Every structure is written in C-alpha cells, then in structure tokens.
Amino acid sequence: MRSQVRRALWDMVPRDHRESPRALRRRQLVVIAFVLVGAVVLGFSLRTEPGSTQFYVFTLVMAALWTVGAFASGPLHLGRIALRDAHVRPVLTPFVVGAVIVGIFTLGGLLVRSLSFLDPLTAQIRDVLAYTDESSLWVLALITAVNGVAEELFFRGAAYAAVPKHPVTVTTIAYTIATMATGNLMLSFAAVLLGVVVGLERRASGGILAPIITHLTWSLSMLVLLPLIFL
C-alpha cells in the first residue's frame, strides 16, 4: 500500500518534457492571458442564480476557456507511473486516490453537521448544494465532469508546465484563488486539499491523466453524497 501511494503521489517517473526558453515564455504569456479573461468571466458568472440558464452557460464558457487556454499554451502529456518494471498510464491508482479523498470529505461532512458551533460551515455547504437542489442531477453531473476535466487541463496541464519552480504550490494557490472568488469557504478548503493531491499526481506522473481521474472521482461522488448528508 505504501509503495502504491509513493508511486501515485511522490516517485517521479523519468520524462523529457523540457521546453526551450522561448516556448516556456510563450506558454507563460498564454496562461496569464487566459487567467485574466477567466477572472472576468467568473465575475459575471457569480451574478447568476443557481440552476438558471445563465448559470449553465457561464459554467460551460469557463470550461471552454480553460480547455482552449490549455491546448493553446503548448503540448500536454497524459503521464505514466511505475508498475513493476514498466511505466503505464495511471488509471486505477488515481481512482483509488480520489475515493480516499471522497471518504475524507464524507467523514468531514458528518462531523461538520453534528457540531453546532460549525453551523456557519454547514450553511456554506448548503449554499453550494443549492445548485444541485434547483437543477437536474444528470445535467449537473455532465457539467461537473466537463468542468473538472477543463480545470485539470488548464491548472495541472498548462499552468503547471508554465511554472519552473514549485509548480505544485503555485498551481494549488492559483486554483484556490479562482475558487475563493465564489466567496464560499468550504469550496476554497476543498480546492486546497484537491489541488495539493492532484498537483502531486501531476508531479509524479508527468501528465494530466491522473489528476483528471482523481478530480472526477471526487467531484462526481460529492455531487451525490453531500445532499444525502446535508439536505
């Protein structure tokens, strides 16, 4: 078990993803430009009502923006992890990592709900769940999946590759700041934990496949489990 965790989150597989100074500079400029545009779009999206047509539109626009920015910045890689004497695409391991995060958040949700002095946090979570309460679950699941993939393409794909030093820390902070714009403390806390884990997966595997699988496992599971706990 310990070796699996090390392979998934710590041991870096050999890779040659080096870019010329010119290519790196171009990637950095593209990332900055799309972050600025994304901030504007996010500002407009926060004015929409949960479950409204505008909410869906702005969410999909953000996903499209992150996706276009990711591919426009330069090459993206799926990544590999070590398995015995070979290097393979990470599929099962990031799913297990995502399931562990789901368990942590589920236990945390039960704890928050049971403690009266944490009622403000409970209110924050219920604010998030207003989106699920007023929307079709299947539509929300699709939007959640599309958005999760887009965020990983950009933050663990383009943005990570644009940061020469401490990319796990920098991309986690950037992802958290983007989430903090919602004004929801619980979403920001989730962004920190998720950002660190998928950032370590990106560092270990050298690609975006593991972060995408972990992100989808967590976000889609929470979409179903959190209403059962708090509503």
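**Rings and a nonpolar patch**

Reader: In this predicted model, which residue lies over the face of Tyr175?

Author: A charge sits over a ring if NZ of Lys or CZ of Arg is within 6 Å of the ring centre and within 35 degrees of the ring normal. At 4.9 Å from the ring centre of Tyr175, the residue over its face is Arg156. The model is predicted, and local features need pLDDT of at least 70, side-chain atom pairs pLDDT 80 or more, while totals for chains, interfaces and linings use all residues. Residues are numbered from 1 along each chain as its sequence is written, and side-chain values use heavy atoms, without hydrogens and water. The residue asked for is Arg156.

Reader: Over which ring does the charged end of Arg203 sit?

Author: The distance from the ring centre is 4.6 Å. The ring belongs to Trp10.

Reader: How many aromatic pairs does a search of the whole structure find?

Author: Rings of Phe, Tyr and Trp (its six-membered ring) pair if their centres lie within 6.5 Å. The search gives six.

Reader: What kind of pair do Phe154 and Phe155 form?

Author: Planes under 30 degrees apart count as stacked, over 60 as edge-to-face and the rest as tilted. The centres of Phe154 and Phe155 are 5.3 Å apart and the planes are at 85°, so the pair is edge-to-face.

Reader: Is Phe154 buried or exposed?

Author: Buried means under 20% relative accessible area, exposed over 50%, partly exposed in between (1.4 Å probe, protein chains only). Phe154 has a relative accessible area of 1%, so Phe154 is buried.
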